Amino acid sequence: MQSYRSLSAQVYQIDKPIGCSFGDVEYYQERLKGIEGKILEPAVGTGRILIPLLQSGFDIEGFDLSDDMLHFCTNNLVNYGFTKDRVTKGDLVCFEVKSFVEAIIIPTGTFLLLDSEAKVRQSLAQCFKALKSGGRLLIDISLAHQFIQGKCDSRQFKTAEDGLITLQIINAEIDYINQLTIAHHRYDKWKNGKIIESEWEVFKLKWFGVSEFKHLLISAGFSDITISADYKYLQTPNNATEIMTFEAYKK
């Protein structure tokens, strides 16, 4: 796994704390109303969305492939009064569940980390398999219209130990054939003016056309598909849309 290792996970924990919302937390709380059975969040990260949903009374569990993200997630669960066994290690591409679930959520573009059509199809097939009859899948995807090749950016984050982590981002490449944006992230952790730890991350994100992704869902067996723009239910997406949420059912 080339992303969400130690420094990357630390930055995520600092920059996007539990309950931090881009409109997604409230949207998922509303769309999941009435579900009393099990909900699954693959690629759960630090629990930014999972923990607010637990606080709202939902029976939700998750998994993640990154040990570093799971470290923060389990600590966050305990700090908020929940048991750490709510999350386990697992792969979005080839996961299995012990019992069928009522809903699966993959918020905020996480699904775009799957960088090939083969992985996408396999993951959607696993989601379909894991759902009860009548269950639903909610996935956020985004477009690549804000990616400018060659653009560089930098950010810095203060740590709890009064240290500093810097992040340099280079938008390295656009692969139009495979519909991928490729960014290079360099993380440096500083103490007393010296770098004590560094991390290099190749960050790939895949994008899809609206019709293309709908057909992928249909191919996986899903039906009754709706699309909502920017966390406004059934709002029609346009070229300025940041996030599109697909909601699809297993008959």
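Y187 sits across from E199 of strand 9, in a model that is predicted, where local features need pLDDT of at least 70, side-chain atom pairs count only at pLDDT 80 or more, and totals for chains, interfaces and linings use all residues. Residues are numbered from 1 along each chain as its sequence is written, and side-chain values use heavy atoms, with hydrogens and water left out.

So much for that one pair; now for its surroundings. Strand 9 covers residues 194-206, and 12 bridges tie it to strand 8 in the antiparallel sense. Strands here are DSSP runs of E with at least two residues, helices are runs of H or I with at least four, and both are numbered from the N terminus; two strands pair if DSSP finds at least two bridges between them. Just two residues separate strands 8 and 9 in their hairpin, and N192 in that turn has a positive phi of about 55°.

Strand 8 (residues 180-191) also runs antiparallel to strand 7 (residues 164-175), with 11 bridges joining them. Look for N171, whose bridge partner in strand 8 is A183. This hairpin has four residues between its strands, with Q179 in the turn showing a positive phi of about 55°.

Now zoom out. The whole protein has six helices and 11 strands. Its radius of gyration, taken over C-alpha atoms, is 18 Å, close to the 18 Å from the globule rule for 251 residues, so the protein is as compact as a globular protein of that length. That rule is 2.2 Å times the number of residues to the power 0.38. Along the principal axes, the C-alpha atoms fill a box of roughly 60 × 45 × 30 Å.
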